[in-house]
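Some notes on the model follow, in numbered points. Please read them with the structure open.

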Amino acid sequence: MAGGDSGTDLQRVCFLLTGQYDAWSEYPDLPESDQGRISRILRQRPNRLSNEESLHVDAERFLASGAISEYVLQGEGELASRHGMPPRELADLLLEEIDRIRTENSQPIPTAEPGDYVTTLRVPVAGHEHTWAVQAHYRLEEHHAAPDSDPPTVRTSASADQLTLKVGDFMALNAELDQHFGETFRTQSLGPLFKQLLVRDDQPLGELLRLRAGNLQVLQAPTGFGKSVLMRSLGSWAEQEGVTLALAVPTTVAALKMTYGIEADLRARGIEDPGRLVVPLMSPNSMMAALEQVAAESKDRAFVEWAEERLGYGCALPSTATIDEEVDAWVPGHEQCVSLVPYGAPAPPGQGKRTKSVRQGPCACPFRGVCGKFRLARQACTAQIIVTTHANLYQGHLHIPVRLESGAVVERMTVEELVMRRCQFTAIDEVDAFQSFVLGRAGRGLTLAWGNRQDQRPLLTLDGQFIQAFGRVRPALDESMRNTLMRTRWLAETYTSHLAHGTLAPSERKSKKKTSGKKRSARPVQDKRWIIPQRWDGWISTQLRAFLAADEDLITTEERGYSPDPTERLLLANFYERKFRLDSLPEHVRTVAELLRDATNPDEHAGSLAHVRKKLEQLLSHWVPNQQVRADVLDRMLRRAFLEPLRQLLYRFVHNAQQLKLAGVDAARDIADVLGPFSAWRAIPHGPQGRLMFAFTEDVKPDTPEDTRLSVAAFGGDPHIYVITLGQITALAHSGHKRVVLGMSATSFAPGAHRHHVHVPPTWWVPDDVDHGVSIDTELFPGLGADMLRISGITGKDRIEATKLLGQRMWPRLRGELRDLGKLSKQRVQDSILLVTTSYASCQHLRDGLLAAGAEPGLIAVAVRPRQDDEPIARENETSDPLWHESPGTNSNPSPGFPRPAF
């Protein structure tokens with residue numbers, strides 16, 4: 001940006017569009033105006049342009065056609081400027097033009113007008129995982145027309161570079177709340193927390209907690225030090241200080257409880273109608289399920305009634321429906337809110353009957369603007385305090401259109417953008433769990449083909465549902481996705497068939513030769529791991545060096561040392577690319593290239609792969625005389641012929657994820673849930689590799705070839721950097737301002753723990769109050785004979801009996817430990833013991849052993865597999881005392897009423 005006519009190059013442009021500014025040492029020193037300008041560019045960039053290959057293709061096309069006239073592409077990717085303007089002035093001008101174009105072209109999904117509509121309902125089948133497809137017809141009359149209403153406006157909050165929490169005033173606020181409710185937990189929790197918090201150089205916090213906007217700040221304190229109490233109290237503090245606040249907690253029930261508590265606190269402080277200030281923001285599709293969970297788990301009737309008022313809603317659309325089958329037209333959470341397909345447009349006056357043809361595009365329900373299902377989303381646009389979950393913050397959307405201050409209408413704004421625009425301060429409870437969730441979403445798996453199975457095959461299910469939806473999907477989408485689906489299925493199923501029949505050797509085949517003492521070959525080891533097709537290109541082209549160069553002097557009888565050449569790799573890649581004509585390749589390689597292309601040509605005759613392999617063997621035997629090396633080369637070349645085009649096809653599912661969802665096909669949603677998150681805009685959409693990675697796995701069982709399976713996993717994003725830079729790079733891109741982001745945790749600083757270690761040192765922390773670490777000791781218990789008891793390595797009935805015996809042997813030791821814990825008067829030492837096993841079943845076996853050894857009734861709380869009705873239960877003895885308590889595995893906290901001590 002420094003010189004007006006110095007130009008730049010595509011490599012620098014690509015880095016600018018990656019969003020990976022954490023690797024840019026000079027980025028923090030840039031003026032705020034430049035940081036904001038770069039972030040505006042980033043927000044207008046689609047994810048695909050952060051990939052160097054995609055950027056080069058588009059840039060070369062637009063520059064060559066003159067669509068981009070401000071620069072000229074020269075050799076080696078150099079860009080010479082010819083705009084004759086200061087670069088910053090040009091950037092601002094172009095960004096304003098992009099904003100204007102987007103605003104003028106922005107519009108919500110059209111609302112259904114009076115007329116006939118059709119859609120497909122997916123009705124649950126009792127006792128089965130699959131659903132039943134039922135066609136529903138809707139007749140909307142004039143009195144069903146949508147009321148006139150504008151989308152809610154999302155206004156961007158002012159910048160707040162630093163927020164200061166005055167500890168004394170904050171404690172006084174909590175003391176008032178404690179006094180009002182006749183409680184003490186606020187002051188008893190927060191007093192010791194602030195007293196023991198340390199900052200840099202191990203200095204006490206003092207009277208001011210300064211929260212700066214920008215990269216993540218972490219407050220780390222052990223469990224039981226009041227971090228959850230602090231989260232709740234921040235709500236009252238934010239209302240008092242006039243700060244817009246977002247609170248992110250791990251679960252939906254936790255978000256509801258947090259909102260309920262904050263509302264009670266605000267009401268106690270004299271705030272009328274606190275529900276307009278604080279909102280529990282969640283997916284509208286999960287509101288009824290959350291309500292059912294609250295009703296099943298909570299014993300607090302007031303909380304249940306509050307949840308019913310907040311989450312309950314009805315659906316008016318089924319009253320207009322005619323259904324061919326005797327089923328309920330309303331399945332809560334699966335309403336047809338934006339998938340009404342017009343059917344039979346009314347004919348103009350005097351032109352006879354209307355036609356029975358499907359009109360273009362789905363429409364939104366006319367009641368969407370006033371429906372209670374979207375009540376929370378509308379409130380979130382104006383509320384001062386937004387409480388949401390980790391999942392919703394990262395991947396949630398508003399399911400209603402909203403208007404920006406620029407006038408642009410945005411359909412399905414992300415919760416991330418809403419929070420970064422509206423909230424000056426975001427606090428994330430259990431920030432390490434938030435990072436773990438993001439990391440889990442960065443790598444998702446999908447089964448592509450699975451032998452003779454009819455279930456658990458999303459592509460097969462999608463194919464069937466597309467047939468059911470025939471005539472109700474937009475023609476362009478129907479044609480595009482049907483072609484993609486057919487080609488994807490053919491490649492995946494044909495590849496799996498070759499694995500099952502042995503035409504392709506299974507990838508877990510390993511060399512039996514000992515390699516100790518020798519330099520490791522760079523040849524990819526063939527074990528059951530991720531298969532990335534292009535990873536082999538360097539090794540294959542190295543072994544084919546003599547053939548590619550047509551130079552017999554380069555022939556060797558041994559495996560050639562790994563030394564890839566970019567030119568050789570490019571030539572090999574062009575073997576497979578049908579866009580490169582065969583006559584554009586060197587004459588001596590054309591036959592090989594043609595055979596590789598024939599391997600994945602569905603028009604070829606049966607048995608073509610065996611034929612291709614035999615021909616390739618003949619053509620390459622002279623150039624690669626080592627039989628084992630040649631076999632591996634052929635195997636990898638043929639694998640690449642299938643997996644590389646399969647990888648490219650999967651990108652289409654990624655970029656068409658939203659259209660697939662709007663098609664109203666459940667299987668499309670399942671695929672979009674796995675691959676679709678990568679199509680959502682991210683400031684840093686790709687990791688260090690610079691692109692979305694697809695990796696395949698093969699599961700080949702020689703004894704049961706019909707069970708052969710091919711799966712794919714997609715890896716994208718950079719979860720660790722995303723969490724750290726949420727308030728800096730992402731916030732600037734969404735709102736033009738840095739935002740304060742505070743993460744709280746007991747375990748966020750754990751170097752080496754890739755899922756939970758947050759890569760910034762804690763800003764504030766509570767030190768351990770002991771002068772030693774954690775001791776891990778091995779304890780042995782005697783078995784029935786002379787040997788010590790062993791669980792590992794045994795199965796079936798023997799394992800069950802050994803686990804029960806372990807419980808009996810452990811009880812005397814555990815009884816003594818519980819007695820010692822009960823004598824401790826030290827604050828925050830819990831008189832409980834946690835026993836961790838390998839499965840839910842072994843939990844019950846261990847429980848039986850403890851009870852058999854004399855554990856008192858009611859002492860044990862056992863984790864059980866979550867059920868549909870996840871209300872903890874207890875088994876009673878003849879005196880009606882509970883022998884043990886059960887709690888679903890999704891609930892890590894003992895339910896109310898569990899006695900202490902317990903384990």
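1. Does R682 count as buried or exposed? This is a predicted model, and in it R682 has a relative accessibility of 10%. The cut-off for buried is under 20%, so R682 counts as buried.

2. The setting of R682 is a loop, the one that runs between α24 (666-675) and β21. From there its side chain reaches the backbone oxygen of Y394, at 2.6 Å. Y394 is also among the contacts of R682 once neighbours within four places in sequence are left aside; the others are R45, N47, Q395, E416 and Y722.

3. Strand β21 (residues 693-699), which bounds that loop, runs antiparallel to β22 and is joined to it by seven bridges. Strand β20 (residues 443-450) is likewise antiparallel to β22, with seven bridges. S711 of β22 can serve as a reference point for both pairings: T697 stands opposite S711, and S711 is also the bridge partner of T447.

4. Why is strand β22 described as largely enclosed by the rest of the structure? Strand β22 covers residues 709-715, and five of these seven residues are buried, so the description follows from that count.

5. The largest nonpolar core has 64 residues. L448, F575, M637 and L675 are those with the most contacts inside it. Helix α22 (residues 627-655) gives the most to this core, contributing 14 residues. A further core of 54 residues lies apart from it, and includes A248, A380, L393 and M420.

6. L448 deserves a separate look. Leaving aside neighbours within four places in sequence, L448 is in contact with L710, S711 and V712, and also with L459, A492, L646, L650 and F696. S711 therefore appears here as a contact of L448, where contact stands for heavy atoms within 4.5 Å.

7. Strand β23 (residues 740-745) is largely enclosed by the rest of the structure, because six of its six residues are buried. Both of its faces are covered. On one side the buried residues are V740, L742 and M744, and on the other they are V741, G743 and S745.

8. Which strands pair with β23 in the parallel sense? One is β11 (residues 217-220), over four bridges, with Q217 opposite L742. Another is β19 (residues 425-429), over five bridges, with F425 opposite V740.

Technical notes:
Residues numbered from 1 in each chain as written. Predicted model: local features only at pLDDT ≥ 70, side-chain atom pairs only at ≥ 80, totals over all residues. Heavy atoms only, no water. Buried < 20%, exposed > 50% of the residue type's maximum accessible area, 1.4 Å probe, protein only. Helix = DSSP H or I, 4+ residues; strand = E, 2+ residues; numbered from the N terminus. Pairing = 2+ DSSP bridges. Core = buried A, V, L, I, M, F, W, Y, C linked by side-chain atoms within 4.5 Å. Polar contact = N/O pair within 3.5 Å; in protein donor to acceptor, adjacent residues only side chain to side chain.
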